[in-house]
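Subject: Structure handover and what was found in it

Dear colleague,

Please find the structure below, together with its sequence. After it I go through what was found, beginning with the chain as a whole and then turning to particular places.

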Amino acid sequence: MPERMTEKEQLIFDLIRKNPYVSQQELAETLGLSRPSIANLISGLIKKGNILGRAYILNESQQIICIGGANIDRKFHIKDKAQLGTSNPIRSTQSAGGVARNIAENLGRLGMDVTMITASGADKDWSFIEESSSLYMNLENVTQFPGMSTGSYTAVLDANGELIIALADMEVYEAITPDLLLKNDALLSRSKCIVVDLNCPKETIQFLCDFAKNHDIPLVLMPVSSPKMKRLPEDLTGVTWLITNRDESETYFNTEIKNDEDWKNTLQKWLSLGVSNVVITNGKLGAMIGNNEEGIFHAPSIPPEKIADVTGAGDAFSSAVIYSWLEGKTLLDIAKAGSLNASKTLESPYTVRQDLSAAQLQKDLGE
């Protein structure tokens with residue numbers, strides 16, 4: 001437990017509660033103290049465990065920590081039928097993306113307190129991401145690496161919004177090492193839950209599995225693609241959620257999911273490896289969700305009225321699953337919320353739908 005605060009420390013604590021980004025100079029002017037005195041008092045609050053360092057994160061607000069990809073999404077929409085070996089007329093868009101970042105924005109829009117930990121370049125791409133994301137998440141714990149490029153994802157989509165090919169430059173995320181995360185030890189150890197995508201190195205995923213188990217913190221693992229399934233540890237004991245799709249699960253177990261029985265059996269294999277809760281999505285066929293306590297259920301997909309863009313739909317599904325689970329919902333309600341948020345995101349031209357909020361999600365579910 002944090003130590004008892006002095007009268008002056010309590011005054012500073014209360015001001016920081018109102019504005020976590022208040023400067024030391026502003027605190028000094030408000031309280032009639034010198035800036036060095038304020039710095040010493042804040043240092044004392046950090047040592048006592050009342051606040052958690054940079055950005056003055058108060059030790060009363062448990063954060064959801066999202067770790068992994070935060071990159072530029074560039075989308076090239078082909079206007080007519082795609083033709084290989086020649087020039088195709090397109091329209092292009094650019095937005096902030098990345099699995100962990102997309103989930104962080106979804107959760108931030110749903111009213112959750114979210115902190116993003118990632119690695120980036122010190123470039124214009126990161127400035128764009130920062131400007132697009134800072135309203136929904138705390139970015140004070142991002143580490144910039146001059147000389148490296150911020151992650152990027154380039155997608156070519158057909159006239160119906162379906163993906164033709166995608167190109168991913170994710171080299172910078174190899175810098176998200178256990179040593180980098182240990183610099184955020186205090187923040188991680190007090191988190192509400194940790195969400196990590198497989199853009200991170202395998203040793204980092206293993207570190208977080210051990211860290212979460214040792215600190216009794218819920219951990220959500222987010223695969224990114226089939227090739228990166230090899231980054232999963234062999235022992236998944238202590239992992240709270242694994243949200244994966246059919247291709248990723250088939251790749252990991254070197255099997256095929258041909259019918260509902262295969263689908264259920266594959267989910268059961270994940271549970272046997274120690275994961276507490278598992279989702280396997282399967283496109284238009286919906287999702288299978290389950291755990292050892294409540295069983296395994298099929299949740300149908302919710303068809304969108306019209307697909308505007310497929311990018312971000314899987315992240316929208318995962319975000320609503322995490323949000324609904326933290327709200328204490330049943331497995332079926334959790335899966336329904338995920339399917340609905342994915343459907344609404346498919347109807348949106350944005351990677352994260354712009355009308356998302358806790359009230360809007362509840363309204364959508366009611367309809």
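Of the 367 residues in the protein chain, 49% are buried. Please keep in mind as you read that this is a predicted model. The protein chain contains 13 helices and 14 strands, and its C-alpha atoms fill a box of roughly 65 × 50 × 40 Å when this is taken along the principal axes. For a compact globule of 367 residues one would expect a radius of gyration near 21 Å, and the protein chain, with 22 Å, agrees with that.

Strand β1 and its partners

A good place to begin is strand β1, which covers residues 64–67. I64 and C66 point one way from this strand, while I65 and I67 point the other way, and all of them are buried. Strand β1 is joined by four bridges to strand β4 (residues 114–117), and the two strands run parallel; within this pairing, C66 stands opposite M116 of β4. Four bridges also join β1 to strand β9, which is made of residues 193–197, and here too the strands run parallel. If you look at I67 in this second pairing, you will find that its bridge partner in β9 is V196.

Salt bridges

Side chains of opposite charge can pair when their charged atoms come close. By the rule used here, the structure has 10 salt bridges, and I would like to show you some of them in detail.

In helix α4 (residues 99–109), R101 and E105 are four residues apart, which means that about one helical turn separates them. Their side chains meet in a salt bridge, with a distance of 2.8 Å from N to O. E105 also forms a salt bridge with R109, where the closest N and O atoms are 2.9 Å apart; these two residues likewise lie in helix α4, four residues and about one turn of the helix from each other. R101, E105 and R109 are therefore linked in a network of salt bridges. Are the residues of this network buried or exposed? R101 has a relative accessibility of 1% and so counts as buried, the cut-off being under 20%. E105 is buried as well, with a relative accessible area of 6%, and R109 is also buried.

A further salt bridge joins E250 to R246, and the closest N and O atoms of this pair are 3.1 Å apart. Both residues belong to helix α9 (residues 246–253), in which they are four residues apart, about one turn of the helix. E250 counts as buried at 14% relative accessibility, whereas R246, with a relative accessible area of 29%, is partly exposed.

Aromatic rings

A pair of aromatic rings is described by the distance of the centres and the angle of the planes. The structure holds five aromatic pairs. In one of them, the rings of W241 and W325 have centres 6.3 Å apart and planes at 65 degrees, so this pair is edge-to-face. The pair links distant parts of the chain, since W241 lies in strand β11 (residues 241–245) and W325 in helix α11 (residues 313–326), 84 residues apart. W241 itself is buried, with a relative accessible area of 1%. Elsewhere, ring pairs link Y252, F253 and W270 into a cluster.

Places with more exposure to look at

On the surface, I164, I165 and L167 form a nonpolar patch, and together they have about 270 Å² of accessible area. Of these residues, L167 is found in strand β8, which covers residues 163–169, and it is exposed, with a relative accessible area of 53%.

Finally, please look at E26, which has its place in helix α2 (residues 24–31). E26 is partly exposed, with a relative accessible area of 40%. The C-alpha atoms of E26 and I38 are separated by 9.8 Å, and these residues are 12 apart along the chain.

With best wishes

How values were computed:
Residues numbered from 1 in each chain as written. Predicted model: local features only at pLDDT ≥ 70, side-chain atom pairs only at ≥ 80, totals over all residues. Heavy atoms only, no water. Buried < 20%, exposed > 50% of the residue type's maximum accessible area, 1.4 Å probe, protein only. Pairing = 2+ DSSP bridges. Patch = residues over 30% accessible without salt bridge, like charges linked within 9 Å, V, L, I, M, F, W, Y side chains within 5 Å. Areas by Shrake-Rupley, 256 points an atom, 1.4 Å probe, with all protein chains shown as cover. Salt bridge = Lys/Arg side-chain N within 4 Å of Asp/Glu carboxyl O. Phe/Tyr/Trp six-rings, centres within 6.5 Å; stacked < 30°, edge-to-face > 60°. Rg over C-alpha atoms; globule rule 2.2 N^0.38 Å.
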